[in-house]
There are 2 protein chains.
Amino acid sequence: MSTPLRGRRLDPDARREEIVAGALRLFAEHPYAAVSTTDLAREAGVARGLINHYFGTKRDLYLEVVRRLTTIPEVAVAELPPGTVEQRAGAAVDWFLDAVERHRGLWLSVGTGAAGDIDVDAILAEADEIAADRVLAALAPDAPDDPYRARVRSFFGLVRSASREWLVRGTLDRARTRALLVTVLLAVLEPDSQV
Amino acid sequence: MSTPLRGRRLDPDARREEIVAGALRLFAEHPYAAVSTTDLAREAGVARGLINHYFGTKRDLYLEVVRRLTTIPEVAVAELPPGTVEQRAGAAVDWFLDAVERHRGLWLSVGTGAAGDIDVDAILAEADEIAADRVLAALAPDAPDDPYRARVRSFFGLVRSASREWLVRGTLDRARTRALLVTVLLAVLEPDSQV
DNA sequence: GCTCTCGTTGACACGCTGCCAACGGCTGGT
DNA sequence: ACCAGCCGTTGGCAGCGTGTCAACGAGAGC
């Protein structure tokens with residue numbers, strides 16, 4: 001061996017990164033309980049104890065992974081083409097469907113919804129908050145935050161369900177998924193119609 | 001002691017019922033991982049080994065509990081008052097919101113969404129299927145099953161999110177939740193508007 | 001009252017997690 | 001270039017939780 005892989009000293013940030021990267025791969029393919037700290041350590045090429053040293057708990061590492069995944073959308077939505085609200089909404093939905101199709105496995109593993117887990121819920125809520133801000137800024141910049149942000153966040157619940165119908169169950173094709181999302185998104189952005 | 005509680009012989013079905021009932025209480029208040037088989041046994045007033053005897057696995061017991069909870073809606077939606085689609089949709093949403101408000105804790109613990117768990121997903125999907133059938137039969141009896149059932153199931157995702165916004169985060173009051181659900185439900189039932 | 005059935009129990013073995021003391025590679029000071 | 005201290009890293013230990021299994025004994029049939 002020219003360079004021994006085990007035991008080599010590494011910058012803490014880099015080491016954290018390696019562990020998170022490995023955990024990302026494992027958690028994307030297997031459910032939480034099916035992944036042991038031994039697996040996580042092996043995947044990162046590291047001793048098991050180091051997992052606890054950096055993240056304290058297997059659970060904390062998992063939360064870090066979830067945070068990393070859900071907070072991805074750094075890509076600006078500001079690049080949407082000009083046009084009517086319908087056109088811009090359609091473009092946004094297309095951008096989203098592209099991203100989902102690309103990271104299919106990862107999206108389904110965490111994007112499928114909250115786990116009844118209060119911490120995971122908090123992280124997803126935070127991510128949704130950011131996403132809702134961007135959607136509102138891009139499509140309805142004049143709408144007041146108060147009920148609209150909550151309405152858009154609710155819309156994301158439908159987005160997840162529809163993704164599952166499309167990717168997992170195959171009950172919707174991409175075109176119909178798109179149509180559904182655009183329709184509902186526009187309905188959500190309509191002013192309150194007190195029925 | 002007049003009647004010793006421990007060790008008494010019981011009809012298998014009745015015993016299963018007691019165990020499920022106890023598990024229902026525990027899982028409604030604590031997340032899956034925080035409930036041990038010891039807790040489950042104590043709550044049911046039974047030896048720990050009996051849990052495995054009846055359900056094989058803690059996980060299997062959990063799945064049974066989830067099934068029991070989600071398959072509750074036996075109450076017929078057929079009792080909806082006659083009127084326009086808007087009125088009937090409003091009545092259906094009201095009925096639903098009442099039920100959610102009444103079983104608040106239970107609903108939030110499992111109804112919060114899939115756990116990324118394939119078995120739980122299957123159970124929830126089955127429950128959603130039934131619910132979707134009833135909604136379609138009540139509000140759009142002439143709509144073809146094909147895309148509409150999937151659209152309604154997607155709608156349920158928004159229903160869960162909106163419930164959380166209302167009950168957990170308090171970002172929507174009941175009236176606004178109602179308005180949102182009715183609006184989107186009607187939009188979902190509209191024929192495909194290919195944008 | 002006796003016996004057989006089977007619901008029920010308690011102990012055992014194993015895997016996994018979090019903790020901790022010791023090791024040794026790396027870096028800065030001289 | 002050498003040395004000493006720092007700290008990233010390791011491996012083993014203790015505790016807990018789960019699933020299994022052989023044996024017990026309450027209740028029913030005769």
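Ala, Val, Leu, Ile, Met, Phe, Trp, Tyr, Cys and Pro count here as nonpolar, Asp, Glu, Lys and Arg as charged, and the others, Gly among them, as polar. On that basis, the residues of the surface near DNA strand D divide into five nonpolar, eleven polar and eight charged. The model described in this report is a predicted one.

**The surface near DNA strand D**

DNA strand D is surrounded by 24 residues, and the closest of these are L10(A), A47(A) and G49(A) from chain A, together with T37(B) and N52(B) from chain B. Several helices take part: α1 (12-29) and α3 (48-55) of chain A, as well as α2 (37-44), α3 (48-55) and α4 (58-70) of chain B, each supply at least two residues of this surface. The largest share, four residues, comes from α3(A).

A database record also bears on chain A, since UniProt, in an unreviewed entry, places the feature "DNA-binding region" at residues 36-55 of that chain. Over residues 36-55 of chain A, the chain is 80% helix and 0% strand, and the C-alpha atoms at the two ends are 14 Å apart.

**Two helix pairs**

The table sets out the geometry of one pair within chain A and one pair between chains A and B.

| Helix pair | Angle | Axis distance |
|---|---|---|
| α4 (58-70) and α7 (118-139), both of chain A | about 15 degrees | 10 Å apart |
| α9 (174-189) of chain A and α9 (174-189) of chain B | roughly 150 degrees | within 9 Å |

With an angle of about 15 degrees between them, α4(A) is roughly parallel to α7(A), because angles under 35 degrees count as such. The crossing of these two helices, α4(A) and α7(A), is right-handed. On the α4(A) side the contact involves L63(A), V66(A), R67(A) and T70(A), which meet D119(A), V120(A), I123(A), L124(A) and A127(A) in α7(A). Sorted by class, the contact of α4(A) with α7(A) has six nonpolar, one polar and two charged residues.

The α9 helices of chains A and B cross at roughly 150 degrees, and α9(A) is therefore roughly antiparallel to α9(B), as angles over 145 degrees are counted in that way. The crossing in which α9(A) passes α9(B) is right-handed. From α9(A), the residues that make the contact are T183(A), V184(A), A187(A) and V188(A), and from α9(B) they are T183(B), V184(B), A187(B) and V188(B). By class, the contact of α9(A) with α9(B) has six nonpolar, two polar and no charged residues.

Terms used. Residues are numbered from 1 along each chain as its sequence is written. Chains are lettered from A and ligands numbered from 1 in the order in which they are written. This is a predicted model: local features need pLDDT of at least 70, side-chain atom pairs count only at pLDDT 80 or more; totals for chains, interfaces and linings use all residues. A residue is near a molecule or strand if its C-beta atom, placed from the backbone, lies within 6 Å of it. Axes are lines fitted to C-alpha atoms, for helices over the stretch in contact, and angles run from 0 to 180 degrees between N-to-C directions. Angles under 35 degrees count as roughly parallel, over 145 as roughly antiparallel, 65 to 115 as roughly perpendicular and the rest as oblique. A crossing is left-handed if the near helix is turned anticlockwise from the far one by less than a right angle, and right-handed if clockwise. Two residues are in contact if their C-beta atoms, placed from the backbone, lie within 7 Å. UniProt positions are given in the numbering used here, feature names are shortened, and annotations may be inferred rather than shown by experiment.
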